Amino acid sequence: MKTIDVKPQPKLSLARTVQVTLNGIRYRMFRSAVTMAVIAVAVAFLMNVMCEAVTFRAVGRAAIQRAAELQLADRWAARLSGVGSLEVVLEDVAAASGQPGLAEEMTRFGGLNAADFPEFQRRCGLAREFTVFLDQVGFARRRVLVGETAGAAALARLSRPGEFAKFAAAVKAMRTVRLPAADEAMADLTRTWPETEARLRRILAERNRAAVVVAGALQGRTPAAALAGARGPFGAAVADAGFSSFTPDLRARVAAQADDALLARRIEDLVQQPDLRKIMAGILDVMPRDVNARVLWEAMAGRAAAEKLVERMREKNCLPEGATAARIMGLARLRQEQQDWNEALRLTRETVSGGGFLGIGPRMTWLVLVSLLVCAVGITNAMLMSVTERFREIATLKCLGALDGFIMCLFLLEAALLGLAGGLVGGLAGSVVGFGRMAFQFGGLLWVAFPVGPWLISGLLAILAGMLLAAVAGVYPSYLAARLAPMEAMRIE
Amino acid sequence: MTGRKTQTGLNRIMPETTSPTTLTEPAALPAPAPAPPAAGAARRVIIRTLNLRKAYVKGTVVTEALRGLDTEIHTGEFIAIMGPSGSGKSTYFNMVGGLDSPTGGRVFIDEVDVAQLTAVELAFLRCRKIGYIFQQFNLIQYQTALENVTTPMAFAGTGPDEARVRGMELLELVGLKERWFHRPIEMSGGQQQRVAIARAMANRPMILLCDEPTGNLDLKTGREVLEILRQLNLERGVTIICATHDPRMLDMCDRLMWIRDGRIERLARRDEVTISIGKINNESE
Ligand SMILES: Nc1ncnc2c1ncn2[C@@H]1O[C@H](COP(=O)(O)OP(=O)(O)OP(=O)(O)O)[C@@H](O)[C@H]1O
Ligand SMILES: [Mg+2]
C-alpha cells in the first residue's frame, strides 16, 4: 500500500485571509449591505431596549437622590418639630454613610458602640429595602404577605415566632415576587428586628429630646422659618443640641432652601389677595378665580411674567424682601424641576430597586432577553441566507485544496466583520432612538442623570451579541458545508 | 483488494513535477481490456478504479450511477469519456477526483487508495496532484483572473511574488495575459474556461480532470479550449481525463471510453475508431 507524502499545508497569513474576505464582501456589496443592515436593525432593537432600561434605572436613582436633596429643609423642619417615625429614622440611618457627622450622631443617639454601627446600618439598609419592597409589591399581595401592616409594623409582625416561615412560604408560592435579599438574610433581619427597633426608637426619642432643646432657640418662629437663618446662631444652636450632622456646609444649603420656601409661600399668599389676584389674572391671562399656585409657578418660569409681577408688586408696595425677577424665575424653575423629578420617580419606581441584569430589574431584564431573541432570529436568518448561497464557492475552494479550517476562517472573519459593522451602526442607531425616546419622556433630567457607564457597557454587549450571533449563525452552516465532500456541498442549493 | 499486483519499484512519493514525456502515440495497448503498463516505458498507471460503484439514494429511490467500473489510466494519456446523458460520466469524474465518495469499489490515484486518505491528505491531493475543470467554470466570482489562478498556489504555500509571476505565465499560456485584472463576469465563457484551465494548472498537477469543458461554449471557443488542453497534454505530459459530448475530442484523445448505464460499454484507441460524418460508430444515441 502506498502512502501519500503530505507536506503540511502552510497557514495563509491573516492579512491575506482578511484581504480575500474583504474582496468577497466588496464584490457582494449589495448582499453584504443587506446582511449588515439586518444585523444593524437587530442590534439597534436590542440597544434601544437596553438604553431605555439603563436610563430608567439611572433617572430613578437620580430622582431618589434629588428628591432627598430638594426636601432637605422640609426634613430638618420635621426633625426639629419632633415629628418623626421609625421609617424616617430607618431611612436616615440607611443613608448615613453619605453625610458627614450623621453616623456619629446616630451612634450617639442610639447609644451604640462605634464598632457596632456598620452592622446596625446594614440591617437598617436591608430593612429599608424590605419596606420599599412591601410598598411595591401591590396591595393584594401585601395583604397576603403581612396583613394590614406596613413598614416597621410589618417587620415587627414578622419577628413574631413562626410568622417568617409563613411569610417565606407565601413569597415562594407567588413565584414572580423576589425578596430584596436571600431567605437567610431576611430571616436574620426579622429575628433581630426587636433589637433594631429598640435602637431606632431610642434614636427617635433622643432626637425629639434634642428638638426640645432647639425649641428654646426658635424665638417664636416655626422651625421652617427659623431654618432660613440656619447660617447664623440658630444653626449653631441646632448642632449644639446634639445634631452633629448639621455641619456648616449643610446649614448653608438648608438655609438657602428654607429661605426659598419662605419666599415662595409669601408670594403664593400675596397672590391670593384680591387686587393682586386680579393683576395676576391679567398677567397669566386666566380668570381671577383660576389663579392658583400651579398656574402661578408655571407662568413665573418665563422672564417677562416674572418681571411684570415684580413690577406690579413694587407698585403696590408689597414686594417681599429679596424678591427679584431672576429669583422668582429660579423658584419657578426649581419647582418645575421638583415636579419633573417626582414624575420621574413615579415612572421609574419599578426599576430602581430590582436586581436583574445590569441592575435594571426583572421586568426590563425580561424585555432585554426577548429582544435578544428577536436579534438572534434576525441575524441567524440573514447569515444563513448569505452562507447557503455560497456552498458552491465552498466546494470550489475545497477542489482547489483549501483546508476546512481555512474556509471556516474565511467565514468566521466575514461574519465577524459584518457583525462588527452592523453592531456599530445598530448600536449607534439604537442609542439615538432609545435616548431620543427617553429624552422625550424625561426631558432635561436625562442629561442630568445620563448613564454613561451602563450605556457604554450595554453598547459593548449589544455589539458583542451581534458579532457572536453573526459568527455562530454564519459559521455553523459553512462548517457543515466545508465538512462535506465538495460535490455533496455543490449539490445543496 | 483484488489479486492485482501492486507496482513496486516506483517512488512511494509522487514526483513534484511531471516528467516531460512525448506520448503522442500510445504504445501497443490491448483494448478494450485494462492494459498493464507497457514494459520498459516511463508510463505507469496513475488512476485505477476497481469495481467502482456509486448509488445515489434519495428517499426510497436508488439510482445506480456507476455499476462496477474497472479502469486504468496511464501517465500522459488523454482519455475522452463519452456516453449518453445520465450514463455516469460526471459521477465517474467526481469519484476519480476525490470529490465524492463511492458506495463500492476503490479508486487509486498513483497507487494510493483515496478512501484511506485523511481530510488533510485529500486536500493535499486536490491541491497539487489534480486540476479540475468544470462545465460551469466554477471560478470565484469576486476574484480577478489572476487571483483565481494564484489562489491554489497560496494553498500550496507558494509565496505571493512567485505566485504572481507563475500566474501571469499561465494566463499567457491560455492567451489571457492582457485580461488578468478582469473578474469572471467581465469575461466570455471561453475566456472563463481558459482561466479555469490556468487555475487547474496552478500547482503543476499530474492529472487534469475535465467534466464537459466545452459544454457551455460555442464551436470556436470550444476548439480553442480543446487545443489548449491538447497542448498541455503534449508539451507538459499532463494526464487528461475528459468527460464530453464533443465529437471533436476524438481528434485529440489517445483513448476513448464509452460509458452506458454506469458500465463501460467500450474502450478503444483512437485509431481504432472510425469517424463517419455526423456519427461516430458504435455510439448510438
Ligand atoms: N445527486 C444525485 N442524486 C441522485 N441521482 C443522481 C445524482 N447525481 C446524478 N444522479 C444520477 O446518476 C446518473 C448519472 O449521472 P451523471 O451526472 O453522472 O451523468 P452524466 O453522464 O454526467 O450526464 P450528462 O452527460 O448529462 O452530464 C443519472 O441517472 C443521474 O440521474
Ligand atoms: Mg455530466
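# A tour of chain A, the chain B sheet and ligand 1

Select chain A, which holds 23 helices and 0 strands. Its radius of gyration is 33 Å, well over the 23 Å that the globule rule gives for 493 residues, so chain A is more spread out than a compact globule. What you have open is a predicted model. Turn chain A along its principal axes: the C-alpha trace spans about 115 × 65 × 40 Å.

Next, colour chain A by domain. Domain 1 is made of two segments, 14–66 and 353–491. Domain 2 covers 72–249, and domain 3 covers 258–348. Select domain 1 and domain 2 of chain A together; their centres, taken over C-alpha atoms, are 47 Å apart.

**The sheet in chain B**

Move to chain B and show it as a cartoon. Find the open sheet of 4 strands, whose order is 2-1-4-5 and whose pairing is antiparallel. Strand 2 and strand 5 of chain B are its edge strands, each pairing on one side only. In general, strands of a sheet pair through backbone hydrogen bonds, either parallel or antiparallel.

Start with strand 1 (residues 45–58) and strand 2 (61–74) of chain B. These two strands pair in the antiparallel sense over 11 bridges. Two positions to label are Ile47(B), which stands opposite Ile73(B) in strand 2, and Thr49(B), which stands opposite Thr71(B) in strand 2. Then go to the hairpin of strand 1 and strand 2 of chain B, where 2 residues lie between the strands. Gly59(B) takes a positive phi near 65° in this hairpin.

Now cross to the other side of strand 1. Strand 4 (residues 104–109) of chain B pairs with strand 1 of chain B over 5 bridges, again antiparallel. Keep Thr49(B) selected: in strand 4 of chain B, Val107(B) stands opposite Thr49(B). Thr49(B) therefore has a partner in strand 2 and another in strand 4 of chain B, because strands 2, 1 and 4 are consecutive in the sheet order. Add Arg53(B) to the selection; the residue opposite Arg53(B) in strand 4 is Gly104(B).

Continue to strand 5 (residues 112–113) of chain B, which is antiparallel to strand 4 and joined to strand 4 by 2 bridges. Ile109(B) has Val112(B) in strand 5 as its bridge partner. The hairpin of strand 4 and strand 5 of chain B also has 2 residues between the strands, and here Asp110(B) takes a positive phi near 50°.

**Ligand 1**

Select ligand 1 and display the residues around it. The shell has 14 residues, and those that come nearest are Ser85(B), Lys89(B), Ser90(B), Thr91(B) and His245(B). Colour the shell by class to see 3 nonpolar, 8 polar and 3 charged residues. Colour by chain instead: residues from chains A and B surround ligand 1, so the site is shared between chains.

Which elements of chain B each supply at least two residues of the shell? Strand 2, already visited in the sheet, is one, and helix 1 (89–96) is the other. Helix 1 of chain B gives the most, with 3 residues.

Finish with the polar contacts of ligand 1. An oxygen atom of the ligand lies 2.6 Å from an N or O atom in the side chain of Ser90(B). For the side chain of Glu212(B), the distance from an N or O atom to a ligand oxygen is 3.0 Å. At Ser87(B) the partner is a polar backbone atom, 3.3 Å from an oxygen atom of ligand 1. Taken alone, ligand 1 exposes 630 Å², and the protein buries 68% of that area.

Conventions:
Residues numbered from 1 in each chain as written. Chains lettered and ligands numbered in written order. Predicted model: local features only at pLDDT ≥ 70, side-chain atom pairs only at ≥ 80, totals over all residues. Heavy atoms only, no water. Near = heavy atom within 4 Å. Polar contact = N/O pair within 3.5 Å; in protein donor to acceptor, adjacent residues only side chain to side chain. Areas by Shrake-Rupley, 256 points an atom, 1.4 Å probe, with all protein chains shown as cover. Nonpolar A, V, L, I, M, F, W, Y, C, P; charged D, E, K, R; others polar. Pairing = 2+ DSSP bridges. Domains from an automatic or database assignment. Rg over C-alpha atoms; globule rule 2.2 N^0.38 Å.
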